[in-house]
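Reader: I should like to learn how the features of a protein model are to be read. May we take them one at a time, with the general idea before the particular case?

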Amino acid sequence: MKRTLTKDSVLEDELLGFLSTKPFFEDDSPHKAPWLLCDWFAKCWILMARNGKSRKNKTGKWVDVHRINWDRLLPNGDRLTDPQYADLLEDCRRLIYAVRSGPYATTDRSFGQYQIANNLFTLINWMVVHHFDTPITYLRFSSLTPGDFEHYCENVVFGPPALEQWGQRIDTVLLGLAPTELKRHSDKHGRISRKWLCHQCHIAPNRIKINRFVTPLLEQYDRMVAHLGSQRRKRRAHTSNRERNLRDATLDPLSSSRVEDLLQIWFHLYRQAPIVGNLVSFDAFDNIATTRLALDLLARAKGRTPTIPTDIALYYFNAAIAWVVDYGPSLVKYIHALDATYNDIKKDDATSAFDYYAPKAFERVPIPRSLAPINISRYHAHPNVTPKDEVCKAPSVQDAQQYLISACFIIIAALTARRHDELLDLTVDCIKEEFDGLDIEFGLLKGSARDILECVSRPIPTLVKLAVDLLIALNVNIRAESDDPVIKRLLFIRSASNNGPAAAITKAVIYKYLDSFADMIDVPLITPTQPNELSYRWYIRPHECRRFLALSYFWGSTTGPSLSALSWFLCHLGPEQTIRYLQEVRKGAELSADAARATVDALRSEHGRADVQQLEQMTLKHFQAGSLDWIEPRHIEAYVAMLYARRDIDFDVNFIREQNGSRHCVAITFRENEL
Amino acid sequence: MKRDLAGYRHLGPLVDVLCRHGVMLLKGIGYMSAYRTRRGLLSFVQYLSASQERLDYTDIPHFEQALKNWRDALYLTKSFPHTETRNYICATFFFLKRLQKAEALPSFRIPSPTWSRPPKPRKLKKRKYRPVRHAKPHALTAKCIDDRGVWRSYDFRELAHLGTVATELVRRFPEVNAGLSYSSHSRRRRTILAMFQFFKDHRLTFTPQDPKQLLIVLLKFREHFYRNRNGSAIATRNDDWRTLSALLTQLMRLRTLANVQIPEAFRTADKFREMNRTSKNHLGAILKGIRHSNARGKTVESAFDISLFEKDDVFLDHFYRDQRWAFDLLRDAAIRECREAINDFRRGQELIAKCDIEYLRAVYQDTGRLCDPHFANHGQAPSFFSPNHPHGLSNLLGWIWHEHNGLLKSKTFPGSEHIYRHGGTEHVKRMLGLTIDTANAFFIVILGETAINVESLERATVENKHGQDVFMVPTDSGKYVRINTTKPRARKVIPKLLTVGDDTEINAHTCLLAAVEMTAKFREHSKLKDLWIHSYHSKRTSAQPISGYGFVCAYSRFLQRHKELKPLKKRGATRTMIRGTAGILEWFDTGGNMLKVAEKLGNSPNVAMRRYTPKEIQDALYRREMRRSQQLLILVSTKDSDRVLPAMGYTNQKQLNRDLKAILNNPHYSGADLVKILFAAKPTTKRPAKEFPKVTFVISPHNIALLKLYVEYIRRQKLAHPLMDLDRAAAQTPLSFWIELWALIEIKFRDSFDRGERLRFVQGIKLAETMADSITFPPLT
């Protein structure tokens, strides 16, 4: 990816016109972008999101938008909005504006803009930490040189904490303190107060919260403070598979895409320089692609969605189907009955406190017999201190409601294989009747044209309609009461708190629901291979469902795995994109039987290739046979499966470009692991 | 007159008056006057009806104005010459005056028949006067005025079978359509005729006054209307339907039809499968949009009418069957021809071998003639080539073969007059080598099997540029032969593997071999490298390559020659389509694997899909595949619970069992992880696996001999039933350990064996073969 820029073309009037004719940040300027929902000089920019959900709520606050906060805390304790940084701030604003609406715009999404802004702040922090503003000059981008870029590249693979030297800064604050003093600054959970620490180090508290670089560092100090016993309610009952990976990867470099983003900001500074002015004057990458540079800097390969083990996935689906088919209808009916009783009581006795009605209603309405296995014990959610196990054993009505939503979500996600954004954007009338069955209609998030979400429909089984109907029935009252058109339209909504305003379910909320659902249905734990590790639980995510359907479909048919059908269903741009799903190295032996079968097919049909020959020789040696034809395929399959399980060989599927032209074929390559 | 005006009763009392007195007053006047009066009155009434005015003659000023308006309109329309128009108006007004005299009408002022601002009279000199068209209007001819004021007549004689209903409709037609454009008229006429044609074809009774029955037939017609017009776009269909619906609504207002809610047009085309012509490169009938009424093979074809609207399974099935049917028809015919041609050629070779060419030459040298002196009868010797000669054909072929290099040139060949008695030129040519028709048959067989580009195959050569014979290279296994096909447009060489067939079978390999063999003699002297060469009808001394046009003509003759290929000829099947169909069939057979298609066609996957596989078929297949996989996922997730049925959306166990059976029988799913899980528990619940007995057994030479016998027996069994499962056999027979041992000897051992143990066994058996004593083996697990 070579990027060159000719200066002459930049200076054309038509490109610069929007800067010179009238200030484009004024409200009545014809050039003001429609996505900027606030004043140009606002401390916090509000960016309109692309999916058309951005709106004002009753209180006049914008919701479903992205915000860029200019009032940033710098490592020296200053704020970016301070007067001495006024020029820098203006440059930043113009840059962020130009990346979406300038003549050299690179993104059309608010999230992309938001990410670029964050990376820009990292660069500014790095400049402050490395004293670019001393002795006499103000901080400015134009002072950066190619030498600085090389300096920046040294630490970039470890991310912003390394660039901004969090470790040194935290150490300088904490090392000087005695344990007693540390204890003085501990919070109610018995850890060092993060708030205090952030204040001391000039780091924004939200950045330090779950940072894989800082967490282990602080844990060391936390151990020095006497542990008082955590009072917090744990989100999950067991260690998650993700936490496990996070702990392993503390000192790993960042993924290449993340490093690429951090490097890319230098390119933006160069590219937008003619528009914004006062930015860097050199192309840091010259002829080198950022991807290659990121890999040269030893960034980790891109992290992909992990493959959920088949038995765990099926356990989830079974439980979700049970909730939707067995409990769902009666639960919805029960909740409606509760609501009706609640209103009656409220009408009779208008004086009592709010919390009073719901338990009363719960006492009056009998629980249906079909809901007996759930063992609903109360109306309101349990207090925070209640152990997770007890909550799962005797959930409240509100909990059950959440479980039902997560069950419906899992079913829809598993059978439609949509991305989480697309799922949460589903509307009430998303089910369409086609002449060969039901279809679901959704806005395609990736692969749609600029600013418009393409409406696509794909086949679904009747079970999904059941789930959607349940969700509609569950929230029928909320939807009727709300004035918000978005709430009326969206499928996944919830009442935010007790009788609070209704809100759309966000990604974070549904993930929380999914976690508690997993604990409630008691998904079997996975025993790790290493003896000293703890067993962990696989908490499901929508993209894993997508991947599971794709893999099980592709590897599930022996003779004709229809790649194009899968590509069509997943709404990919082409089969090359789909093959990436199948190309990734599979961890563990989740689908090893299929992999083995595919391997054996290749082994028996393609004799010529070098890697195949190698495996052939291994196999023959193992079986002490003269030819593969003598051995039964299933025996070879068993053998190959064993090899996978032992990680002796690895498995890839590739588009192979043959010598004589552009013929593609699916092929399997083998390489012995360097264990 | 009564009949003419009967339809306008609703316009008011004037019509009654006209009807009552008309007949009486028209008596005694001339035919032409009476005719003009009638036409004029009718036109007046129609005009009023079109302008939606009421014939209320009591409202005198209004009525007078109406008369004036009508007069002006009639002048303006210019449907007749000016004077003729005036005649009509005069006659009409005169009639009205007479009515006034008879006191049938009140006395109002009848305007002058002359127009106040008459237009320029037409130049009659230039244009010959033509009498009025439709001088004798049929009862089923409707005449109505259009938006430009022109009177147009429309024929409805097709509705004659409807009797009075039709007359009524036709009478109403001018009324409801007056003032609309000509295109609207014709569209309305077309749609209503289509509707009645449908009723007639399907024997539906059209009862205009029975609302229930009317609605039913209308609904039926709508379905038919949307289904059976593959050619037109859905927008056109919708417009047509709306036109018809407007017409019917108007008729209902006039009480001609009972009042029903006319079914609406479909909003979108989603409900109906639109077959666009996304890909024309295959033999299928659907995409060509050709009706199947004349085609043979009704069983296949009759299915297509419904197939467009069936569910995906049926639709795909029909499409596949059609493709397969067309493909097989072509291929079978070609194979028949190939077989005949090859047999003819072989027979020709035998006959040539029998021919004593030296003797013929000697006789020719001696006598200067080609008559056989041995068979001379009274001085008359028969020709060597004559059918009366016992070796006539043999001599004929031999002479051509040796003296003319196998090329039949009638002008230079001395015995050419005998050829027609030996079966004709073509027959003799076939015995000598490749003819253009044989080449075509070979071509089709090769094309169907390998799907090589037509151009590439036409230009096939037996040697490459460097003069090396790399035409067909056998592979190591001997089962296949590799050929290189060049694709000129892509400038690349694509290797293809052909299956080697035996002598009886006709496939691409045998065809190519035969083609090479048949042209070998031609090639000797011509130095041509081309594969397809033949002897040309001319004085040219060497064989000629078959041109592209020659192939096209031969293909056309081929379709004509075989009666069963008539439908394909009607569809305009070309050779490129054979290639496309071969690709599509491959696609179906591999369950929609586009990589396999691409491999077969030699294109990139995207091109193969875009150009050769119709989009609609792709979508239908994708939908089916994905629906199946979703159902499978639900089934596997809920396999042991009671909620399988509601989750799958079924009402009874039968449907579920049918699905399970389908999955079990589907070869695409065998061995899939999910399917294995699905069927994992079943056998154990039914029949617990038997514990394998621990057997200690003794192996002696006697036992070894016995074992070998068993091994031979099982091998035979395995050959006879390739799908035999050893595990099941082991569980069922008491000879299970023998089978295990056989597996050991054949080095086909199971997972259950320990490697060390296995080695011991193998060595032990080898030892036992040579030793006289017996060896005791440890127990088998």
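Author: Let us begin with contact, which means heavy atoms within 4.5 Å. This is a predicted model, in which local features need pLDDT of at least 70 and side-chain atom pairs count only at pLDDT 80 or more, while totals for chains, interfaces and linings use all residues. Residues are numbered from 1 along each chain as its sequence is written, chains are lettered from A and ligands numbered from 1 in the order in which they are written, and side-chain values use heavy atoms, with hydrogens and water left out.

Reader: Which residues does B:Ser112 contact, leaving aside its neighbours within four places in sequence?

Author: B:Ser112 is in contact with B:Arg71 and B:Phe93, once neighbours within four places in sequence are set aside. Its C-alpha atom is separated by 9.9 Å from that of B:Leu67, 45 residues apart along the chain.

Reader: Where in chain B is B:Ser112 placed?

Author: Helices (H or I, at least four residues) and strands (E, at least two) are DSSP runs, numbered from the N terminus. B:Ser112 is in the loop between α5 (82-101) and β1 (141-145) of chain B.

Reader: Is B:Ser112 buried, partly exposed or exposed?

Author: Buried means under 20% relative accessible area, exposed over 50%, and partly exposed in between (1.4 Å probe, protein chains only). With 38% relative accessibility, B:Ser112 counts as partly exposed.

Reader: How are the two chains to be described as wholes?

Author: Chain A has 30 helices and eleven strands, and chain B has 31 helices and nine strands. Buried residues make up 52% of the 675 residues in chain A and 48% of the 781 residues in chain B. Of the contacts between residues at least 6 apart in sequence, 63% in chain A join residues at least 24 apart; in chain B the share is 62%.

Reader: How is a helix read by its span?

Author: The expected span is 1.5 Å times one less than the number of residues. Helix α19 of chain A (residues 397-416) has 20 residues and reaches 28 Å from its first C-alpha to its last, close to the 28 Å expected. Because 17 of its 20 residues are buried, α19(A) is largely enclosed by the rest of the structure.

Reader: What is the sign of phi in the residue that follows α19(A)?

Author: Most residues other than glycine have a negative phi. A:Ala417, which follows α19(A), has a positive phi, near 55°. A:Asp64 also has a positive phi, near 55°; it is found in the loop between β3 (62-63) and β4 (65-69) of chain A and is partly exposed, with a relative accessible area of 30%. In chain B, phi of B:Ala451 is near 55°, and this residue is found in the loop between α16 (436-450) and α17 (454-458). B:Ala451 counts as buried, at 0% relative accessibility.

Reader: How many cavities of 30 Å³ or more does a search of the whole structure find?

Author: On a 1 Å grid over the protein atoms alone, a cavity is a set of points where a 1.4 Å probe fits but cannot get out, and lining residues have an atom within 4 Å of a point. Grid points are joined across faces, edges and corners, and a volume is the space filled by probe spheres set on the points. The search finds eleven cavities of 30 Å³ or more, and the largest has a volume of about 110 Å³. Its lining includes A:Arg72, A:Phe121, A:Glu164 and A:His202.

Definitions and conventions: On a 1 Å grid over the protein atoms alone, a cavity is a set of points where a 1.4 Å probe fits but cannot get out, and a pocket is an open set with protein on both sides within 12 Å along at least five of seven lines; lining residues have an atom within 4 Å of a point.
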